[in-house]
Amino acid sequence: MPLLGDTLPTLATARLRLRHVRASDVDRVEAVFGDPVAMAYWSHDPLPDRAAAEAYVGQIERGFANETLYQWVLTEARDDTLIGTVTLAGVDRRHLRAELGYMIAPECWRRGYATEAAGAAVQFAFDTLGLHRIEADIHPDNHASRGVLVRLGFRAEGLRPERWFTGGQWSASELYALLRPVSRAG
């Protein structure tokens, strides 16, 4: 039986709701993950069309079923429209680690949503999944994402040159990590 049941548990923060993805989210997935501005620092090119968005939603569902990817849809508490996602990817139950990712629609930038959502995902990773280490990698020019990680207590661990090939060119990646606080260690 899966650790979490048939769907991701819904998480609530002061301003956001993190919920399981639905087929009805495909249009917003296409809009957000197809936006070149939103995807400028991402590890893959923007989604080109609705079929790619449908495939992406399918990938989210398969990852959840395999218990290696927990990707929540972000909505504002007062609305059910997707404004982004927050993800625990590469969940490794043996080594108690995962990778954190987040995407916010550009029209919702500079509101602190990424920090709020990522903080909820990190708490879930430590408290519910019992993980020990959360990693994140960012493009070196993504100052806003670096700020999110620093506010959450992540520490820089180094630079990986030419890690991602997107937009026809190689880009580096900065690695950050956060270890489970001693007070949460079981």
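Contact here means heavy atoms within 4.5 Å. With that in mind, a good place to start in this predicted model is helix α2, residues 50–65. What covers the buried residues of α2 includes α1 (26–33) and β3 (70–76). Those buried residues are Ala 52, Ala 53, Tyr 56, Val 57, Gly 58, Ile 60, Gly 63 and Phe 64. As for length, the 16 residues of α2 should span 22 Å at 1.5 Å a residue, and the C-alpha atoms at the two ends sit 23 Å apart, so expectation and model agree.

Both ends of α2 have something to show. At the start, Asp 49 points a side-chain oxygen to within 3.3 Å of the backbone nitrogen of Ala 51. After the helix comes Glu 67, with a positive phi near 60°. Along α2 there is also a salt bridge between the side chains of Arg 50 and Glu 54, at 3.3 Å from N to O. These two residues are four apart in the helix, about one turn. An α-helix has 3.6 residues a turn, so residues three or four places apart point the same way. Arg 50 is partly exposed, with a relative accessible area of 37%, and Glu 54 is partly exposed too, at 41%.

Next come the aromatic rings. A pair of them is described by the distance of the centres and the angle of the planes. The count comes to five aromatic pairs. One of them joins Phe 33 and Tyr 56 in a tilted arrangement, 4.8 Å centre to centre with 40° between the planes. Phe 33 belongs to helix α1 and Tyr 56 to helix α2, so this pair ties together parts that are 23 residues apart in sequence. Both Phe 33 and Tyr 56 are buried. Trp 72 and Phe 124 make an edge-to-face pair, because their planes meet at 85°, with the ring centres 5.1 Å apart. Here the link runs from strand β3, home of Trp 72, to helix α3 (residues 113–127), home of Phe 124, so parts 52 residues apart in sequence are tied together. Trp 72 and Phe 124 are both buried as well. Back at the first pair, Phe 33 and Tyr 56 join Trp 42 in one aromatic cluster.

Charged side chains give another set of links. Across the whole structure, a search turns up 16 salt bridges. In one of them, Arg 15 pairs with Glu 116, their closest N and O atoms being 2.7 Å apart. Arg 15 sits in the loop between β1 (11–12) and β2 (16–19), while Glu 116 is in helix α3, so the bridge ties together parts that are 101 residues apart in sequence. The two partners differ in burial: Arg 15 is partly exposed, at 34% relative accessible area, whereas Glu 116 is buried, at 17%. Another salt bridge joins Asp 25 to Arg 19, with 2.8 Å between the closest N and O atoms, and both of these residues are buried. Asp 25 and Arg 19 also belong to one network with Arg 17, Arg 22 and Asp 80, joined by salt bridges that share partners.

Helix α4 (residues 143–151) rounds off the tour, with Ser 145, Arg 146, Gly 147, Val 148 and Leu 149 buried. The cover over these residues includes β5 (97–104), α3, β6 (133–138) and β8 (169–179). After α4 comes Gly 153, whose phi is positive, near 95°.

Definitions and conventions:
Residues are numbered from 1 along each chain as its sequence is written. This is a predicted model: local features need pLDDT of at least 70, side-chain atom pairs count only at pLDDT 80 or more; totals for chains, interfaces and linings use all residues. Side-chain values use heavy atoms; hydrogens and water are left out. The expected span of a helix is 1.5 Å times one less than its number of residues. Buried means under 20% relative accessible area, exposed over 50%, partly exposed in between (1.4 Å probe, protein chains only). A polar contact is a pair of N or O atoms within 3.5 Å; within protein, one must be able to donate a hydrogen and the other to accept it, and residues adjacent in sequence count only if both atoms are side-chain atoms. Rings of Phe, Tyr and Trp (its six-membered ring) pair if their centres lie within 6.5 Å; planes under 30 degrees apart count as stacked, over 60 as edge-to-face and the rest as tilted. A salt bridge is a side-chain nitrogen of Lys or Arg within 4 Å of a carboxyl oxygen of Asp or Glu.
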